Amino acid sequence: MKVFLNDRHPLHHGRHEMFRGELVPCFEVPARADYVLQELRDRSFGTVQSAPPIERATLERVHAARYLDFLTGAWDEWVALDPDNAQRDALPSYWPIRTFRSDVLPASFPARLGLFSFDAGSPLTAGTWEAARQGAACAAAGAAALLAGERSAFVLTRPPGHHAGPDFFGGYCFLNNAAIAAQVLRDGGMERVAVLDVDYHHGNGTQAIFYEREDVFFASVHGDPHTEYPYYLGYADERGEGAGLGCNLNLPLPKGTDFARWRDALRVALQAIAAHGAQALVVSLGVDTFEADPISGFRLASDDYLRVGADIAAAGLPTLFVLEGGYAVAEVGRNVVNVLAGFVQE
Ligand code: OKP
Ligand code: ZN
């Protein structure tokens, strides 16, 4: 399997995220990707390569121009506020929720930081833009590999992407790698594409990007947003809108769900994807469904991930795996590579 490694991922290394009134060390750390790479090497799995830079026009197929402009200059604007900010991560403190305007772009950088985000847990750092952009480049390259006839490929990147929407970051995500890959597949001639999101957290950004479209089906198995992040989206009654009605499937499960019940939901998602007539599949591969994950609540064991890969392979579609979450850092490699190994063995 071709593996597209984001070799710039270490440039994004947040120090702190806001959690219950305190700045706590980031869960989303560079070592996550390093462990996956090490596991690939230990098991001699895959051929690792880098990706050429991504065109801005490709990003604009999924993200708003004014959001990309903001991200491009964000770190310099943050430091311009105060030279001491060079030693601090940028975190938002203000958000334009109901009754505020979101059409006006305030001159104030902190005001725009909030306009383009939805939580204070996603630090923007000196290297965030470069790391995120190269991750998107890997996603585009992975999609191109499927278009060139590969049965599967894996995008080994961080920061993750599935919470990033058309014009906002959050949930550790800045550019929506899975959505970019799905769009590249569409633009390359695949008439119908599906995104299957198996991360513990609902992929609100991916859902938002494709919500009114029938050409990209989105299915997600995740912790019930009544109690789990991102709280405000991911409910079962969100079915898509307009032309996209019926092309969005949310399968929320209670915290504490074990593999047997989780697998039933996976099969429901895969059946819906088949019924949609998708010609290619993008998998938002988070392994924070793992029993020992520090911020999540499902109970999958490492061996279960082999079966996850096999179930996905049985769908019979060209498949691009894109790394999302997974915060039991030392086990992320084993769990991710188990999915990929289970896929190729099927
Ligand atoms: C990103 B991805 C932990 C709070 C959790 C955000 C979770 C983002 C998950 N102290 N806050 O879906 O894995
Ligand atoms: Zn997650």
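This is a stop-by-stop tour of the structure, with selections to make in the viewer. The model is predicted.

**Stop 1: the annotated span**

Select residues 28-341. An unreviewed UniProt entry annotates this stretch as "domain: Histone deacetylase". Helix makes up 38% of the span and strand 12%. Now pick the end C-alpha atoms of the span: they lie 24 Å apart.

**Stop 2: the sheet**

Show the strands as cartoon. An open sheet of 8 strands runs in the order β4-β1-β5-β10-β9-β6-β7-β8. The pairing is parallel. Which strands stand at the edges? They are β4 (47-49) and β8 (248-253). Each has a single partner strand, so one side of each lacks a neighbour in the sheet. On average, neighbouring strands are turned by 15 degrees against each other, direction ignored.

Next, select residues 193-197 and 216-223. These are β6 and β7, which pair in the parallel sense over 5 bridges. Label Ala194, then look across to β7: Phe217 stands opposite.

**Stop 3: a helix on the sheet**

Select residues 31-42. This is helix α1, and it packs on the sheet. Which strands does α1 touch? The contacts are with β1 (2-5), β4, β5 (152-156) and β10 (319-323). Compare directions: α1 makes about 140 degrees with β5.

**Stop 4: the hairpin**

Go to residues 16-19 and 22-25. Here β2 and β3 pair in the antiparallel sense over 4 bridges. Label Met18, and then Leu23, its bridge partner in β3. The two strands form a hairpin with 2 residues between them.

Stay in the turn and select Arg20. Arg20 has a positive phi of about 50 degrees, although it is not a glycine. Is Arg20 buried or exposed? Arg20 is exposed, because 5 other C-beta atoms lie within 10 Å and the cut-off for exposed is 12 or fewer.

**Stop 5: ligand 1**

Centre on ligand 1 and show its shell. Of the 14 residues around it, Phe19, Gly171, His201, Ile295 and Gly325 come nearest. Colour the shell by class: 5 residues are nonpolar, 6 polar and 3 charged.

**Stop 6: the loop after β5, then α6**

Select Arg158 and Pro159. A cis peptide bond joins them, with omega about -5 degrees. Pro159 sits in the loop between β5 and α6 (177-187).

Follow the chain on to α6. How many of the residues of α6 are buried? The count is 9 of 11, and the helix is mostly covered. The buried residues include Asn177, Ile180, Gln183, Val184 and Leu185. Several alanines belong to the buried group as well, among them Ala178 and Ala181. Past the helix comes Gly189, with a positive phi near 115 degrees.

**Stop 7: the loop between β7 and β8**

Select residues Tyr229, Pro230 and Tyr231. The peptide bond from Tyr229 to Pro230 is cis, with omega near 10 degrees. Pro230 is found in the loop between β7 and β8. Tyr231 is found in that loop too.

Check the backbone of Tyr231. Its phi is positive, about 65 degrees, although Tyr231 is not a glycine. Tyr231 has 14 C-beta neighbours inside 10 Å, so it counts as partly exposed.

Conventions. Residues are numbered from 1 along each chain as its sequence is written. Chains are lettered from A and ligands numbered from 1 in the order in which they are written. This is a predicted model: local features need pLDDT of at least 70, side-chain atom pairs count only at pLDDT 80 or more; totals for chains, interfaces and linings use all residues. Two strands pair if DSSP finds at least two bridges between them. Axes are lines fitted to C-alpha atoms, for helices over the stretch in contact, and angles run from 0 to 180 degrees between N-to-C directions. Two residues are in contact if their C-beta atoms, placed from the backbone, lie within 7 Å. A residue is near a molecule or strand if its C-beta atom, placed from the backbone, lies within 6 Å of it. Ala, Val, Leu, Ile, Met, Phe, Trp, Tyr, Cys and Pro count as nonpolar, Asp, Glu, Lys and Arg as charged, and the others, Gly among them, as polar. A residue is buried if 20 or more other C-beta atoms lie within 10 Å of its own, exposed if 12 or fewer, and partly exposed in between; C-beta atoms are placed from the backbone. UniProt positions are given in the numbering used here, feature names are shortened, and annotations may be inferred rather than shown by experiment.
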